[in-house]
Number of protein chains: 4
Amino acid sequence: MMPPQQDLPCAMIGAGRMGQAHAGVLRTLSGVRVTWVMDVSEENARRVAGQLGAQYSTSLDEVLAQPDVSAVIISTPAPTHADVIERAAKAGKAIFTEKPLAQNLADGVRAVQAVEAAGVPAQVAFQRRYDPAYVQAKQMIDAGELGRLEGFRAVGRDPEPPPMEYLVTAGGLLVDMGGHDLDLARFLVGEVEEVRAIGGALVNPELAQYGEHDTAVALLKFENGALGTLEVGLRTSYGYDIRTEVLGEKGRLHIERDRRPDLTVYDARGANHDRPRHFTERFPEAYAAEITAFAQGVLSGLPLTPTPRDALLSLRLGLAAQHALNTGETVRVADFGREELAKLPPAPAEIPAGGGR
Amino acid sequence: MMPPQQDLPCAMIGAGRMGQAHAGVLRTLSGVRVTWVMDVSEENARRVAGQLGAQYSTSLDEVLAQPDVSAVIISTPAPTHADVIERAAKAGKAIFTEKPLAQNLADGVRAVQAVEAAGVPAQVAFQRRYDPAYVQAKQMIDAGELGRLEGFRAVGRDPEPPPMEYLVTAGGLLVDMGGHDLDLARFLVGEVEEVRAIGGALVNPELAQYGEHDTAVALLKFENGALGTLEVGLRTSYGYDIRTEVLGEKGRLHIERDRRPDLTVYDARGANHDRPRHFTERFPEAYAAEITAFAQGVLSGLPLTPTPRDALLSLRLGLAAQHALNTGETVRVADFGREELAKLPPAPAEIPAGGGR
Amino acid sequence: MMPPQQDLPCAMIGAGRMGQAHAGVLRTLSGVRVTWVMDVSEENARRVAGQLGAQYSTSLDEVLAQPDVSAVIISTPAPTHADVIERAAKAGKAIFTEKPLAQNLADGVRAVQAVEAAGVPAQVAFQRRYDPAYVQAKQMIDAGELGRLEGFRAVGRDPEPPPMEYLVTAGGLLVDMGGHDLDLARFLVGEVEEVRAIGGALVNPELAQYGEHDTAVALLKFENGALGTLEVGLRTSYGYDIRTEVLGEKGRLHIERDRRPDLTVYDARGANHDRPRHFTERFPEAYAAEITAFAQGVLSGLPLTPTPRDALLSLRLGLAAQHALNTGETVRVADFGREELAKLPPAPAEIPAGGGR
Amino acid sequence: MMPPQQDLPCAMIGAGRMGQAHAGVLRTLSGVRVTWVMDVSEENARRVAGQLGAQYSTSLDEVLAQPDVSAVIISTPAPTHADVIERAAKAGKAIFTEKPLAQNLADGVRAVQAVEAAGVPAQVAFQRRYDPAYVQAKQMIDAGELGRLEGFRAVGRDPEPPPMEYLVTAGGLLVDMGGHDLDLARFLVGEVEEVRAIGGALVNPELAQYGEHDTAVALLKFENGALGTLEVGLRTSYGYDIRTEVLGEKGRLHIERDRRPDLTVYDARGANHDRPRHFTERFPEAYAAEITAFAQGVLSGLPLTPTPRDALLSLRLGLAAQHALNTGETVRVADFGREELAKLPPAPAEIPAGGGR
């Protein structure tokens, strides 16, 4: 008889909105075993721990000190990501962190430095890179099936805005919500040279007082010459609207989950089908796949993707786009945060920017 | 701290084609823990056990005697189902069995009797009843959203025929492949009154020598007056083709998974998307959901569905349809196997025929 | 300067439901000029004539005697088709007649004899043969792109039943409504060997008193071995439901107009699009194309399709299917009406049965 | 008997690429009768006249002098539109002109002045305003079904670039190809306040020498606060790609013709359907409807839409967008060409800007 399949013992750090979504995935998944749940709210920690049969704590130090914690799954609010990453890296834990890596480049650089100095495996949760449709798109592009890339187009719209208190600390619409789409732009097409953006507070005019937007559109000029558009919003009346297109010389890829479930209803209104209403309905396979890939990579010693360094470039793009949105300027991405990024040692040769699994 | 979530310790009985598919699901699923794998082929048993971190055996008796086996998951060849069910029931194990319940009514009746006499929880694996689209269709129908039901239409086509040796022991096209669609007919529309069928060996003419078919079409007249058609085949060039429609006074439901993954490719050939190529691609959520429902039902003592008695009526419909196909006769379903079924005690009141979850 | 493009001067015979639909097409079409409209109802004749700038009459003889009538477009009630065809043929007019050719084989044979004896050009209005999707399907099948044909599947459902007085004289559901689908079966797959059918009066139970059906399903066994199903109905809640599938060794063709107009509305109910609600919304190109083909064929002397002889075989299939529906018998098509058809001279060599344009 | 339906006797001015497309429509259409065809190429004029049974000439003056010419249909190269409009207006002819109205504002103003001074009926051929899907979208928006408008998104891509000699005189990508989409922006959402654009010569790098683009993306800020994106291109590998979306508070409209014909082919590559390959395949109903509306409007004295004045505002938007593309500047549309437009008298009250039929 062979030994039972090994599970990676993990601590969940953060048990709020995103943490609970991760917990829902972890509950149904083998390969990862959540042994501890930490949250500054004892109630959140206790509840999620109860669902997962794990212990809980309100102290990060206590959790990082546990011997049955090999890895951390970080779902704390974005402003704390860099700190938690740094402390987990120093404690020698493998790290799976929700995006964004950080909310500013200084913190992002610090997080990358900590991870690379400690030599711990680390992965940033851009789950779309693990969605079957995006995986296949990436493979087709890499195999040259589109020929030269000429265009990119993304829509990212949440069904309804998160609470105001979340929004004003989220780092800006194009860093937070748009961060996924900008990461995909790099993943699928390549680095962005220039970005322009305009936006407004169309859904919740109150946001304007805080200098925040709930709707934005942007133009992307890629280093390889491709041209792109991006639309981001925080409210639809019709569910979660995530679409991505890549146009090349030989064809166009269109990614969209437009049916949930596989049921069309024909009645007096015509033909009707429902769409995903929430990111957990759009990306269930991806959330499972990214955590499984993380656990398998850590257990087997294989490289993880996307790395914090890769995610740092996506953060830089998000911040550059947000700066364009805030100022109305055309922002050259390579010049944005140049000094901060210069503090990093050269990238290890084997990790190409934007490289997918 | 709460205790870790409980897993149901199971033995997999049968590690061939279908068993390996189940193993793939079980490997990624929490809530069920496979402790033993049994197959008459030691090689199959060892391999699947290795994947699942379980012990293995070629002896059913040995496995049924284990204290860390609370339930069995039966994926043996169809002709053995009734026997294994009977032995597992006598051993007091909870039972999850691949369909069909049996290949003839005498065996099916015996299996139901054994399960009901032993009072063990039991569920037959008609996984489509757990697919999100079928679940929603059933709810809409039960809620009266279609009004009076008037029509049913099903297509069930495998991408390519199973091996000849499987086919000639599978019990007939309308019992084996068609069994799923006929179960859905009962699940969604109700009991069938009459069935007509014609068929042929169009894909593999050699099958005709064995009196078998690889293609068949049937007409269904339901007790509630609805009229239906059924198409079954064992070869397409374009993947797994499973479609179900229910027509009512107020509308029509159409169930089809037509995209895998959520990617459309536009190129010189037009717009192209791939379809499911295999049942594991069409029904991954359903395979996970039915086993999860089984485990949760067993652990919590809640009723399971579909029961062996319910599955026996689907078997009777399959056998009646197969008889119609073999003879060219119009078969009245209620008269088919009346004597065999009369041997059963009256159905427990709380389990309506065709009742879904 | 070239002479103005020639128009074919036609008389419309019949200005009721179908005649008015044809008039709507003729009004927007060049190539055909309606000079006379005849209907037994002076009011119908006057109204349609007014729309088309034509003269009108209640006398068929008067119209057939006009020098500026080279052709007739027959849209009278089905029971009169054969008579009108016979008289128009004797008058030497080119004939475009609404289907069915006749309602019984004796009349159909008489109509074919009259046309062939007079040597006038004649075309029966199976407009689907001129729909771009069916034209392309036929071409692909003839070019062997599906390989050996194995299956056929058709749905034909009207949004709502015609008036009762129409239904009881229409010749039966499978002759009238089903006639289009059975003609397509011959057009796309080939001649039918055997047919089984069941039906009911589900929409309007009163129809049962007249021995009529509003819902039917049928099984078709083709001479080439392919197997088919057919669903016909007279009421949906969701518009006009016309679908056709042909399954072959190498692929499957699926024909359906599922969107009208090219607009999808996303709102709180999900994604919604409207469908054709009427045959004029489903087949506008086909109605225009078949009349244009008729006019061009007559003016240029090229052969027309489908011919009355071809349509007679579709009528025979419809009557055979209706007989199967009425009696519950399995009907061998080649034996049905054998004596009547034997009265015809051999088919002219150049017109293959089921030959499309 | 009523008099025959009246036809509007027209002269086609211009028988090149677009003129021949119009001729194809006119040939099948009643309500309009082409009596003369004029082109500077006698060969073009003769060929199209022959197809239409019309007389031909290479002299505009000769054609404008004919008594059997009540209206002109202008399909000459864009640089000549304003001149031809002016001369036709002075000759008292009703005018249907291909877009753009002109290639610069001075010419456009002159054309509007000429038409309004002469008091002749005039319509500019933005045919999409007559496509059934756009008509319905406009009606839904006007009826408030989307609530407040928040977003606009358009894609306009030709399958392959027109000849180089056409491109370098076409007035710029966003005036020519983009002109349709920018007119739709005004038609569906309202006037644009600001525009930004970037572009390149990705398909044909040679174009860069002429300062021309074949690919561009733009951001639109509307006066009502809505935000939009636009993508324009001159080459796809997959056909004609025209998509328009309007996002509102209560829903989203998506317009796309994605199937031609209504046939899906399932084979070893998955599910495949063809798309429109040319504008005549995307907009056949619209080309027929706009000319029919023109003829009916002229014959009945009803107002035409869009008027030259309305088209002038679309031209101004196109030129502003082109200026943004050429310079990289953010262009305020209301300031663009302010002096030229000031030369026009105030708009007649009854014609709202962007008003559809």
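**Helix packing, sheets and symmetry in a predicted four-chain model**

Helix α4 of chain A, covering residues 81-90, is largely enclosed by the rest of the structure, because seven of its ten residues are buried. The model discussed here is a predicted one. The buried set in α4(A) consists of A:His81, A:Ala82, A:Val84, A:Ile85, A:Glu86, A:Ala88 and A:Ala89. It may help to follow these residues to their surroundings: they pack against strands β1 (8-13), β4 (71-74) and β5 (94-98) of chain A, and also against helices α3 (60-64) and α5 (105-118) of that chain. Just past the end of α4(A), A:Gly92 adopts a positive phi of about 80°.

Another helix contact can be followed in chain D. Here α5 (residues 105-118) packs with α11 (residues 308-327) at an angle of about 175°, and the two axes lie 10 Å apart. That angle makes α5(D) roughly antiparallel to α11(D). On the α5(D) side, the contact is made by D:Leu105, D:Gly108, D:Val109, D:Val112, D:Val115 and D:Glu116. Their counterparts in α11(D) are D:Pro308, D:Arg309, D:Leu312, D:Leu315, D:Arg316 and D:Leu319. Sorted by class, the contact between α5(D) and α11(D) comprises eight nonpolar residues, one polar residue and three charged residues.

Turning to the sheets, chain B holds an open sheet of six strands with parallel pairing, and the strand order is β3-β2-β1-β4-β5-β6. The edges of this chain B sheet are taken by β3 (55-57) and β6 (122-125); each has a single partner strand, so one side of each is left without a neighbour in the sheet. On average, and with direction ignored, neighbouring strands of the sheet are turned by 25° against each other. At the β3 edge, β3(B) runs parallel to strand β2 (residues 32-38) of chain B, to which three bridges join it. One pairing to look for in the structure is that of B:Met38, whose bridge partner in β3(B) is B:Ser57.

Strand β7 of chain A (residues 149-157) is mostly covered, with nine of its nine residues buried. Two pairings of this strand can be traced. With strand β11 (residues 241-248) of chain A, β7(A) pairs in the antiparallel sense over eight bridges, and A:Glu245 in β11(A) is the bridge partner of A:Arg153. With strand β10 (residues 227-233) of chain A, β7(A) runs parallel and is joined by seven bridges. In this second pairing, A:Phe152 has A:Gly228 of β10(A) as its bridge partner.

The relations between chains complete the picture. A turn of 180° and a shift of 0.0 Å along the axis lay chain D on chain A with an RMSD of 0.0 Å. This is the relation of a two-fold axis. The same surface serves both of these copies, as 98% of the contact residues of chain D recur in chain A. Chain A is likewise superposed on chain C by a rotation of 180°, with 0.0 Å of shift along the axis and an RMSD of 0.0 Å. The C-alpha of chain A nearest that axis belongs to A:Asn272 and lies 2.2 Å from it. For the chain A and chain C copies, the same surface again serves both, with 100% of the contact residues of chain A recurring in chain C.

Conventions. Residues numbered from 1 in each chain as written. Chains lettered and ligands numbered in written order. Predicted model: local features only at pLDDT ≥ 70, side-chain atom pairs only at ≥ 80, totals over all residues. Heavy atoms only, no water. Axes fitted to C-alpha atoms, helices over the stretch in contact; angles between N-to-C directions. Helix = DSSP H or I, 4+ residues; strand = E, 2+ residues; numbered from the N terminus. Parallel < 35°, antiparallel > 145°, perpendicular 65-115°, else oblique. Contact = heavy atoms within 4.5 Å. Nonpolar A, V, L, I, M, F, W, Y, C, P; charged D, E, K, R; others polar. Pairing = 2+ DSSP bridges. Buried < 20%, exposed > 50% of the residue type's maximum accessible area, 1.4 Å probe, protein only. Least-squares fit on C-alpha atoms with pLDDT ≥ 70 in both.
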